[in-house]
Amino acid sequence: MRYLWALFGLLALALGTIGIVAPLLPTVPFLLLAAFCFSKSSERLHNWLLSHPTFGPPIADWNERGAISLAAKRLATISIFVVFGISIAIGLRTTLLLIQAATLSCVLLFIWTRPNS
């Protein structure tokens, strides 16, 4: 099972890393998942991830206070508006736009009600 947890952790880490530059992939949730998987598989990988200068701070912020950085909130908000704008531009049906708007509004509400790190 340790190898399976490590594999899932590496996959989550890869997706989180891609999410740094791809607006549709959330970075921190994948990093949190990677940290969880690594805690089940490898203390060395878990400690490496938590002490990593780029990946460690958002994980620590979330674990300690449920906090999201202001920069991450702003970037997420911009990404959400860009994605919704693309949906409008490509002419999605109104029903799909309403579903997407409701879902993205809930995501924004969640993000902006978390404390700043």
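The legends below describe close-up views of a predicted model.

Residues are numbered from 1 along each chain as its sequence is written, and side-chain values use heavy atoms, with hydrogens and water left out. In this predicted model, local features need pLDDT of at least 70 and side-chain atom pairs count only at pLDDT 80 or more, while totals for chains, interfaces and linings use all residues.

**View 1. The whole chain has six helices and zero strands.**
Helices (H or I, at least four residues) and strands (E, at least two) are DSSP runs, numbered from the N terminus. Along the sequence the pattern reads α-α-α-α-α-α. The C-alpha trace spans about 50 × 30 × 20 Å along its principal axes. Of the 117 residues in the chain, 30% are buried; buried means under 20% relative accessible area, exposed over 50%, and partly exposed in between (1.4 Å probe, protein chains only). Among contacts (heavy atoms within 4.5 Å) with a separation of 6 or more, 62% join residues 24 or more positions apart.

**View 2. Helix 5 packs with helix 6 at an angle of about 175°.**
The axes of helix 5 and helix 6 are 11 Å apart. That angle makes helix 5 roughly antiparallel to helix 6. Axes are lines fitted to C-alpha atoms, for helices over the stretch in contact, and angles run from 0 to 180 degrees between N-to-C directions. Angles under 35 degrees count as roughly parallel, over 145 as roughly antiparallel, 65 to 115 as roughly perpendicular and the rest as oblique. On the helix 5 side the contact includes Leu70, Ala76, Ile80, Phe81, Phe84 and Ile88; on the helix 6 side, Leu97, Leu104, Leu108, Ile111 and Trp112 are among the residues met. By class, the contact of helix 5 with helix 6 divides into 14 nonpolar, three polar and two charged residues. Ala, Val, Leu, Ile, Met, Phe, Trp, Tyr, Cys and Pro count as nonpolar, Asp, Glu, Lys and Arg as charged, and the others, Gly among them, as polar.

**View 3. Ile111 and Trp112 both lie in helix 6.**
Ile111 is buried, with a relative accessible area of 11%, whereas Trp112 is partly exposed at 39%. Leaving out residues up to four places away in sequence, Ile111 touches Ile68, Lys73 and Ala76. The C-alpha atoms of Ile111 and Ile68 are 7.4 Å apart in space, and the two residues are 43 apart in sequence. With that exclusion of residues up to four places away, Trp112 touches Leu70, Lys73, Arg74 and Thr77. Trp112 and Leu33 are 79 residues apart along the chain, with 21 Å between their C-alpha atoms.

**View 4. Helix 2 (residues 27-41) crosses helix 4 (residues 56-65) at roughly 80°.**
The axes of helix 2 and helix 4 come within 10 Å. The crossing angle makes helix 2 roughly perpendicular to helix 4. Val28, Leu31, Leu32 and Ala35 from helix 2 meet Pro58, Ile59, Trp62 and Asn63 from helix 4. This contact of helix 2 with helix 4 has seven nonpolar, one polar and no charged residues.

**View 5. The largest pocket holds about 1,000 Å³ of space.**
On a 1 Å grid over the protein atoms alone, a pocket is an open set of points where a 1.4 Å probe fits, with protein on both sides within 12 Å along at least five of seven lines, and lining residues have an atom within 4 Å of a point. Grid points are joined across faces, edges and corners, and a volume is the space filled by probe spheres set on the points. Of the 33 lining residues, Pro26, Thr27, Val28, Ala72 and Ala76 are the closest to the pocket centre. Helix 2, helix 4, helix 5 (70-89) and helix 6 (94-113) each supply at least two residues of the lining. Helix 5 gives the most, with seven residues. By class the lining has 26 nonpolar, six polar and one charged residues.

**View 6. Ile86 is placed in helix 5.**
Ile86 counts as partly exposed, at 48% relative accessibility. Ile86 and Ile59 are 27 residues apart along the chain, and their C-alpha atoms are separated by 30 Å.
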